[in-house]
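Work through the exercises below with the sequence and the structure open. Try each task before reading its solution.

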Amino acid sequence: MANVYNFSAGPAVMPREVLEQVQKELLSYKNSGMSVMEISHRSSLFADIQKDAESNLRALMNIPDEYDVLFLQGGATLQFTMAPLNLAINKRKIGFVDTGHWSQRAIEEAQLIDGISVNKIASGEDSNYTKLPKIDDSLQENVDYIHVTLNNTIEGTAFRTVPNIKGQSIVGDMSSNILGQRYNVRDFGMIYAGAQKNIGPAGLTVVIIRHDLVEKAPELPAMLSYKKLVAKHSTLNTPPVFAIYCAGLVFEWLLTQGGVDAMEKRNREKAQLLYDYLDASTLFQSPVDVESRSLTNIPFVTGNAELDNQFIELANANNLVGLKGHRLVGGMRASLYNAFPMEGVKKLITVMEKFELEHK
Ligand code: PMP
C-alpha cells in the first residue's frame, strides 16, 4: 500500500493508531461478538464509550463543570440554525464577525429564522478575507451573542486568541481547529465543531455550551433543543454510535500524545516550516496576512492557475493528495490537522522545491 499523505480539509486524515484499533476491534467490540456498529445505543457498552469520550474531551479542553457537552448530528451547519434558535431569544439579534465563507453561511442561515436580525460587527472583506478584521473590544452591541469563526478553513485565517468583547457571549465555530490549539472554554458561551477534521469521522458534531444558556433556551422541537438534548445526554434519538466511538479513540490518542498543548506545539512547528518555505519561495506564496495565519489550513498559490494545476498533478503523482484549494479560492491548500505528520510537510516542501526549480 502506498504511503499517502492526505492534506484534505475534511474529511481528513485520522491517527493511524486509531484506525488500527478500529480495525482490531471491528468484528467484536470488547469481546461482545458484535461490532460497535451493531451494539445498542442503550447498552452499557455504548454508555461507557460516550462517558469516556466526554470525560476525555473535558480533560483535553479543560471544560469547566458549568458547561454541557453534546454529541450531535447535522454537522456544524445545523449549529448555524440551532444556536440562533436557542440563544438569540431576548434581543433577537446576533453580532457576526465576517471572516469569509463559513461565517457568511452562518449569517445566511440565521437570517432565515423569522424575527432574527444580524449585525456584522466587523468584516475582513476589505482584504478579501486574507486578514482578520480588528474587533473593537469595547463593543456593546445590542445583541444576544456574537458569532466568531475561530479558524477559517477556506481562507486560512485563525484567531489566536478569542476576541474579548466586553459583556457579550461568544459563540465560536471551532470546526477546523478544535483540539489543535489552546483556547479557554470560559471565553465562550458556546463552542461547536463538526468532527470530520480534527476529531474523527463525519456525522458527529461536538457542542460545548454553558449551562445557564441551555436553561434559558425556549421550547423547541426536540432535535433542535439544547435543553432536551442535554436532558437526554445526547441520546434523545439514535446517536452516531460509530462516529462517537472513533472520536473517543481520537481523544484517548490525543491524551497519550500530550494533549492539546503538545498538539499546538507540533502544529506550530509543521505550519512554521511550510510558511517559512512559502515566504522564501520565488514561485509559491501564501496570500494570508502573517498575523492572521491559521495553523491548520494553509492556502498557497503560484499566481498562475495553469501552474497550480500542474503542481497538484505532480503532488498527486508523489502521493501527496487533497491539496487542491477550495473551489471558491482555487490554488492549493495544505490542511495540517493534529493527525497529519511532520514528515508529510517535509515531503510536500521537497516536491515544491523540485517544481520551483523546474519553473524558474
Ligand atoms: N464551519 C467551518 C469553519 C467549516 O470548515 C465547515 C466545513 N468545512 C463547516 C462549518 C460546515 O461543516 P459541516 O460540513 O460539518 O456542516
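**Exercise 1: Two listed positions in a loop**

With 10 C-beta neighbours inside 10 Å, Thr 238 counts as exposed. The cut-offs, with C-beta atoms placed from the backbone, are 20 or more other C-beta atoms within 10 Å for buried, 12 or fewer for exposed, and partly exposed in between. The model is predicted: local features need pLDDT of at least 70 and side-chain atom pairs count only at pLDDT 80 or more, while totals for chains, interfaces and linings use all residues. Residues are numbered from 1 along each chain as its sequence is written.

Task: locate Thr 238, then decide whether Asn 237 is buried or exposed.

Solution. Step 1: Thr 238 sits in the loop between α6 and α7. Helices (H or I, at least four residues) and strands (E, at least two) are DSSP runs numbered from the N terminus. Step 2: Asn 237 is in the loop between α6 (226-231) and α7 (241-256). Asn 237 has 11 C-beta neighbours inside 10 Å and therefore counts as exposed. Step 3: UniProt, in an unreviewed entry, lists under "binding site" Ala 76, Thr 77, Trp 102, Thr 153, Asp 173, Gln 196, Asn 237 and Thr 238. UniProt positions follow the numbering used here, feature names are shortened, and annotations may be inferred rather than shown by experiment. Step 4: these positions span 163 residues in sequence and their farthest two C-alpha atoms are 30.5 Å apart, so they do not all gather at one spot.

**Exercise 2: The ligand shell**

Task: state which residues surround the ligand and which helix gives the largest share of the shell.

Solution. Step 1: the surrounding residues are Gly 10, Gly 75, Ala 76, Thr 77, Trp 102, Thr 149, Thr 153, Asp 173, Ser 175, Ser 176 and Gly 194. A residue counts as near if its C-beta atom, placed from the backbone, lies within 6 Å. Step 2: helix α3 (residues 75-87) supplies the largest share, three residues. Step 3: by class, the shell holds two nonpolar, eight polar and one charged residues. Here Ala, Val, Leu, Ile, Met, Phe, Trp, Tyr, Cys and Pro are nonpolar, Asp, Glu, Lys and Arg charged, and the others, Gly among them, polar.

**Exercise 3: The annotated lysine**

Task: describe the surroundings of Lys 197.

Solution. Step 1: an unreviewed UniProt entry gives Lys 197 the feature "modified residue: N6-(pyridoxal phosphate)lysine". Step 2: Lys 197 lies in the loop between β9 (190-194) and β10 (205-210). Step 3: Lys 197 counts as buried because it has 30 C-beta neighbours inside 10 Å. Step 4: leaving out residues up to four places away in sequence, Lys 197 touches Ala 9, Gly 10, Ala 12, Ser 175, Ser 176 and Tyr 337; contact means C-beta atoms, placed from the backbone, within 7 Å.

**Exercise 4: The sheet**

Task: give the strand order of the open sheet and name its edge strands.

Solution. Step 1: seven strands follow the order β2-β10-β9-β8-β5-β3-β4, with mixed pairing; two strands pair if DSSP finds at least two bridges between them. Step 2: β2 (67-72) and β4 (117-123) are the edge strands, each pairing on one side only. Step 3: β3 (residues 93-98) pairs with β4 in the parallel sense over six bridges, and Phe 96 stands opposite Lys 120 in β4.

**Exercise 5: Backbone exceptions**

Task: find what is unusual at Pro 11 and at Ser 234.

Solution. Step 1: most residues other than glycine have a negative phi, and most peptide bonds are trans. Step 2: the bond from Gly 10 to Pro 11 is cis, with omega near -10°. Step 3: Ser 234, not a glycine, has a positive phi of about 65°.

Terms used: Contact = placed C-beta atoms within 7 Å.
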